[in-house]
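Reader: I am new to reading structures. Can we go through this one in short steps?

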Amino acid sequence: MSMYGRDPWGGPLEINNADSATDDDRSRNMNDFDRASLSRRLDETQQSWLLGPGEQKKKKYVDLGCVVVSRQIFVWTVGVLLAVGFVSGLVVLIVKTVPRHHKHPPPADNYTVALHKALMFFNAQKSGKLPRHNNVSWRGNSCMNDGKSDKSGAVLKDLVGGYYDAGDTIKFHFPKAFAMTMLSWSVIEYRAKYEAAGELNHVKEIIKWGTDYFLKTFNSTADSISQLVAQVGKGDTSGGTSDPNDHTCWMRPEDIDYPRPVTECSSCSDLAAEMAAALASASIVFKDNKVYSKKLVHGAATLWKFARDQRGSYSAGGSDAATFYNSSMYWDEFVWGGAWMYYATGNQSYLYLASHPKLAKHAGAFWGGPDYGVLSWDNKLTGAQVLLTRLRLFLSPGYPYEETLKTFHNQTSIIMCSYLPYFNSFNRTRGGLIQLNHGRPQPLQYVVNAAFLATLYSDYLDAADTPGWYCGPNFYSTNELRKFAESQIDYILGKNPRKMSYVVGYGNHYPKHVHHRGASIPKNKVKYNCKGGYKWRDSKKPNPHTIIGAMVAGPDKHDGFHDVRTNYNYTEPTLAGNAGLVAALVALSGDKTTKIDKNTIFSAVPPMFPTPPPPPAPWKP
C-alpha cells in the first residue's frame, strides 16, 4: 500500500509503507534499493535523499537566500575577503606599533609671532596687585595705595590697578581709554584670528584689566555724576628734585614711596566720551558675560551723559594733561563715542547725534588740513568715519542718517587714497615709512593706526563684495590697502635701512636701551630711591630686563634711530602705540581667508527696516 504526501517542490511524493519502520531500518534498507529501477526521474535534491554518505554529489551552486551563486565563485569571494581582511589588519597593526614622525604645523607668520610679543607689553605695564600668571618675571605688585589718600591723608577712593602709560608710572586715563577702545575694536572685528593665534583669552583679560579700573574712576552705579578721575600720578618737573614725582624720580614702580596725587575733572567731555567709548566697545567684547556687559553699558551711559551735560576739555587749565596729552577738542570724541554707544545699545538717539551734520562739521570732517586722516589718541574722527562707513556698507540705514554717512564713506575713500604711495598727501622716508605726523618725533603710533584702518577697510570692502574703490578717475583694488599696511608693519619689524626691529624682543636687532623705569633697573632686592635710580637711567649698558613686545617711539624722518635711554622721542613705548600695533598685527595675521566678523558689532542694533505689520483681516459686512 502506498500513500501520497505533498512534495514541497510541487507534485505528489510517493511514500512506501516501509516508512512505518524505524529510522535505523529505513537507513539500512536504502542501500538495498536498485536506484535504476525507480520509474520516475528524481531531481538532484530528491536524489540526495537516496544517496549514501559516500556517494553524495558536491553542489555546483550555493543558495544565499535571495540569490543563488556558483559555488566556485562563492569560495573565491570568501577567500579574497578573508585575505583582504588579514592584510588590512596587519597594516593597521604595523601602523599602530611602528613609531611615527608627526608632521609639524607650518610656522606662524611674522605678524602672528609679533602679535604674541606686542600683547605682552600690556602685562609689563600693569599697576596694582598683579594676577598670578602675569608672565613678566621682573614685575611685582605696585602703587597699592593709589587714590586712597592725598597729602592731607583724606581717603578718596580705591584707584589701585589699571596701566602705567609709558616708561613712567603715571596713569593718564585719556590715552589709556583710547588704547582699550582700539583693542576692543580689534577683538570685535578679528575674534577668529585672535582665537587662531591662541591669544583671545589673553587680549580679553588685558581689556578687562583696563575696564575694571575705569569703573573705579567714577560712581559707575549712578545714573549721573559730577566728577571723573583724569589721572593718577604727577609728571610736572618744574619743581626739580625737591618735588619727587613720577618724572623727577627714576624708580621701579614696586619701590615708589612718594605721594601720587589724583587729578579729577568736572567738565571733561573729551575724556568722558572716550571712556564711554572704551566701556561701550568692551561691552560688545564681553556680550556673552551678560552681567558684566550690562555693567559696562550702564557705566558708559553715565559717562556719556556727563560728557554731554558738562562741556569742557579735560586738559584745560595748564594741567599735566596739557603738557603730555593735550586734547585739541571734544567734538571728535562725540562722533566716535556716539558711534560706539549706538553699537553697544542699539539706541538710535546715539546714531542720530553721531551722524548729525553740525557735529561732523565741528569735529573737522570738512576742514581737511595737514593732519586730516590721521587717527591718534587725540583725534578719533578718522576712526569714527571708518566705523560709521561700516554701518552704511552692511546695514544702509537710510534717512535721516544717509547724508552724513555718505559723506563719511566718501571721506574714508579719500583718506585711504592718501595712504597710498601714488599720492603726495604724506611724505615717506627713503626707507618707505609714511610720515603721518610730518616729520615730528614719535611717528610709529600714527603709522600702526593707519595700517589697522587700511587693512580693516579692505576687509570691509571684501565682505561687501566690492573689489576696490576710486581715487579720482582711477580704480584701486583692496589689495593695494593691504600692501600699504604690510609695507609699514614690515618696516617696523625690521625691513628698514637700519635693519632694526622697533618691537622689542622681535628679531635679533632691536632697541636695548628702552626708556622705561621698570625695565632699566635690576630686580636685585635693592631699593633705589628717587635719585638712586639715576645711575640706571644714565647707564650706557643695555636694560637688565627685556620689555618684550614694546614698540618704541620710532625713527626720525631720515630713518635714523638713537638707542639712548634718556631720548624718549626714540626709545619710549606707550599704551596707545602698542594698542594700534596689536590691532594692525592681528588684522594682517594668519590665514588671509579669515576675514572680519561681520555681524557681532550689530548684536544690539535693531532691524533697520522692521517687518511690516500683517494686513488687516478681510472686511465682513
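Reader: Which residues is Asp563 in contact with, leaving aside its neighbours within four places in sequence?
Author: This is a predicted model. In it, Asp563 sits in the loop between helix 18 (534–537) and helix 19 (568–571). Leaving aside neighbours within four places in sequence, Asp563 is in contact with Tyr510, Pro511, Lys512, His513 and Thr571.

Reader: How far does the backbone nitrogen of Lys512 lie from a polar atom of the side chain of Asp563?
Author: Lys512 is among the contacts of Asp563. Here the backbone nitrogen of Lys512 pairs with a polar atom of the Asp563 side chain. The distance is 2.8 Å.

Reader: Is Asp563 buried, partly exposed or exposed?
Author: Buried means under 20% relative accessible area, and exposed means over 50%. Asp563 has a relative accessible area of 22%. That value falls in between, so Asp563 is partly exposed.

Reader: Which residues does the UniProt annotation "active site" cover?
Author: The annotation comes from an unreviewed UniProt entry. Asp563 is one of the residues it covers. The full list is His515, Asp563 and Glu572.

Reader: Why can these residues be said to gather at one spot?
Author: In sequence, they span 58 residues. In space, their C-alpha atoms tell another story. They gather at one spot because no two of those atoms are more than 10.1 Å apart.

Reader: Which of these residues does the lining of the largest pocket include?
Author: The largest pocket holds about 1200 Å³ of space. Its lining has 50 residues. Of the annotated residues, the lining includes His515 and Glu572.

Reader: Is His515 buried or exposed?
Author: His515 is in the loop between helix 16 (478–492) and helix 17 (517–520). Its relative accessibility is 10%. The cut-off for buried is under 20%, so His515 counts as buried.

Reader: Which residues does His515 touch, not counting those up to four places away in sequence?
Author: Glu572, which shares the "active site" annotation with His515, is one of them. The others are Gly167, Trp250, Arg565, Thr566, Tyr568, Thr571 and Pro573.

Reader: Which helix gives the most to the lining of the largest pocket?
Author: Helix 13 (381–394), helix 15 (444–463), helix 19 and helix 20 each supply at least two residues of the lining. One of these helices supplies three residues. That is the most, and the helix is helix 15.

Reader: Which backbone oxygen does the side chain of Asn578 reach?
Author: Asn578 is found in helix 20 (residues 575–588). At 0% relative accessibility, it counts as buried. Its contacts beyond four places in sequence include Phe121, Phe122 and Met551. At 3.1 Å, its side chain reaches the backbone oxygen of Ala118.

Reader: Which residue takes a positive phi in the hairpin of strand 8 and strand 9?
Author: Strand 8 (residues 468–471) and strand 9 (residues 474–477) run antiparallel, joined by four bridges. In one bridge, Trp469 has Tyr476 of strand 9 as its partner. Two residues lie between the strands. The phi is near 65°, and the residue is Gly472.

Reader: Which are the edge strands of the open sheet of three strands?
Author: The order of the sheet is 5-6-7, with antiparallel pairing. Strand 6 (residues 228–232) is joined to strand 7 by four bridges, and Val232 has Val262 as its bridge partner in strand 7. An edge strand here pairs on one side only. The edge strands are strand 5 (171–172) and strand 7 (262–265).

How values were computed. Residues are numbered from 1 along each chain as its sequence is written. This is a predicted model: local features need pLDDT of at least 70, side-chain atom pairs count only at pLDDT 80 or more; totals for chains, interfaces and linings use all residues. Side-chain values use heavy atoms; hydrogens and water are left out. Buried means under 20% relative accessible area, exposed over 50%, partly exposed in between (1.4 Å probe, protein chains only). A polar contact is a pair of N or O atoms within 3.5 Å; within protein, one must be able to donate a hydrogen and the other to accept it, and residues adjacent in sequence count only if both atoms are side-chain atoms. Contact means heavy atoms within 4.5 Å. Two strands pair if DSSP finds at least two bridges between them. UniProt positions are given in the numbering used here, feature names are shortened, and annotations may be inferred rather than shown by experiment. On a 1 Å grid over the protein atoms alone, a cavity is a set of points where a 1.4 Å probe fits but cannot get out, and a pocket is an open set with protein on both sides within 12 Å along at least five of seven lines; lining residues have an atom within 4 Å of a point. Grid points are joined across faces, edges and corners, and a volume is the space filled by probe spheres set on the points.
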